[in-house]
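Grab a pencil and open the viewer. Try each exercise on your own, then check yourself against the steps that follow.

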Amino acid sequence: MEPRAFAVIFVKIRAADRLLRRYGETAGDELLRTIAEEIRHTLGQSAAAGRYARDQFLVFYQYSSPETVKELEQRLRQAVESIHHFCQRSCTLFVDLHTIYPQDEADFYPNILKAVLGRRQRKS
């Protein structure tokens, strides 16, 4: 049986913290719901996603070629950055993407954790 090729895309919404502070908790939650819905809509049935932290999401994608990962990254970026309104408020969002390719299933979860935790430590 051939091993499955997975990519994990780390999605960070830049300036989301600033918007959350400016507009408050309720509006901030609505912004995050809007972003999550846009990610869900973009992925359809092709991948799974979840929120990792307040302004960060993880996308798990089983891919057939590296080009399909790049295409998905581009679609995710465009989808989130196309959000300009929520709760009758305006916003401009920018996305940072970081993708890892675990080599085999044994390395899958440790590689995800290393990548995510490493990114968080470098940003702090």
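**Exercise 1. How many salt bridges does the structure hold, and which parts does the pair Arg54 and Glu25 tie together?**

Step 1. Start with the total: this predicted model holds 8 salt bridges.

Step 2. Now zoom in on one of them. The side chains of Arg54 and Glu25 meet, with N and O 3.4 Å apart. A salt bridge needs that nitrogen within 4 Å of the carboxyl oxygen, and 3.4 Å passes.

Step 3. Find where the two partners sit. Arg54 is in the loop between S2 and S3, while Glu25 belongs to helix H2, so their salt bridge ties together parts that are 29 residues apart in sequence.

Step 4. Look for further partners. Glu25, Asp29 and Arg54 are joined into one network by salt bridges that share partners.

**Exercise 2. Sort Arg54 and Glu25 into buried, partly exposed or exposed.**

Step 1. You need the cut-offs: buried is under 20% relative accessible area, exposed is over 50%, and partly exposed is in between.

Step 2. Arg54 has 26% relative accessibility, so we call Arg54 partly exposed.

Step 3. Glu25 has a relative accessible area of 53%, so Glu25 goes in the exposed group.

**Exercise 3. Work out how far apart in sequence the partners are in two more salt bridges, Arg40 with Glu37 and Glu81 with Arg77.**

Step 1. Take Arg40 and Glu37. Their side chains form a salt bridge at 3.0 Å, N to O. Both residues lie in helix H2 and are 3 residues apart, which is about one turn of the helix.

Step 2. Check their exposure. Arg40 is partly exposed at 49% relative accessibility, and Glu37 is partly exposed too, at 42%.

Step 3. Take Glu81 and Arg77. Here the closest N and O atoms are 3.9 Å apart. Both residues sit in helix H3 (residues 66-81), 4 residues apart, again about one turn of the helix.

Step 4. Exposure once more: Glu81 comes out at 23% and Arg77 at 28%. Glu81 counts as partly exposed, and so does Arg77.

**Exercise 4. Which strands stand at the edges of the open sheet?**

Step 1. Write down the strand order. The open sheet has 4 strands in the order S2-S3-S1-S6, with antiparallel pairing.

Step 2. Read off the ends. Strand S2 (47-53) and strand S6 (94-100) each have a single partner strand, so one side of each is left without a neighbour in the sheet.

Step 3. Add the twist: on average, neighbouring strands of this sheet are turned by 25° against each other, direction ignored.

Step 4. See what lies on the sheet. Helix H2 (residues 25-43) packs there, touching S1, S2 and strand S3 (56-62), and the direction of H2 makes about 10° with that of S3.

**Exercise 5. Go through the sheet pair by pair: how many bridges join S2 to S3, S1 to S3 and S1 to S6?**

Step 1. S2 and S3 run antiparallel and are joined by 6 bridges. A hairpin connects S2 to S3 through 2 residues. For an example to click on, Ala48 stands opposite Phe60 in S3.

Step 2. S1 and S3 pair in the antiparallel sense over 7 bridges. Here Ala7 has Tyr61 in S3 as its bridge partner.

Step 3. Strand S1 (residues 6-14) is joined to S6 by 7 bridges, and these strands run antiparallel. Arg14 stands opposite Phe94 in S6.

Step 4. Pause on S3: 5 of its 7 residues are buried, which makes S3 mostly covered.

**Exercise 6. Describe how H1 and H2 cross, and name the residues that make the contact.**

Step 1. Begin with the axes. Those of helix H1 (residues 16-23) and H2 come within 6 Å and cross at roughly 140°.

Step 2. Give the handedness: the crossing of H1 and H2 is right-handed.

Step 3. List the contact. H1 supplies Leu19, Leu20 and Tyr23, and H2 supplies Glu25, Ala27, Gly28, Leu31 and Leu32.

**Exercise 7. What pattern do the helices and strands follow along the sequence?**

Step 1. Count the elements: the protein chain has 4 helices and 6 strands.

Step 2. Read them in sequence order, and you get β-α-α-β-β-α-β-β-β-α.

Step 3. Finish with the whole chain: 43% of its 124 residues count as buried.

Technical notes: Residues numbered from 1 in each chain as written. Predicted model: local features only at pLDDT ≥ 70, side-chain atom pairs only at ≥ 80, totals over all residues. Heavy atoms only, no water. Buried < 20%, exposed > 50% of the residue type's maximum accessible area, 1.4 Å probe, protein only. Pairing = 2+ DSSP bridges. Axes fitted to C-alpha atoms, helices over the stretch in contact; angles between N-to-C directions. Contact = heavy atoms within 4.5 Å. Left-handed = near helix turned anticlockwise from the far one by under 90°.
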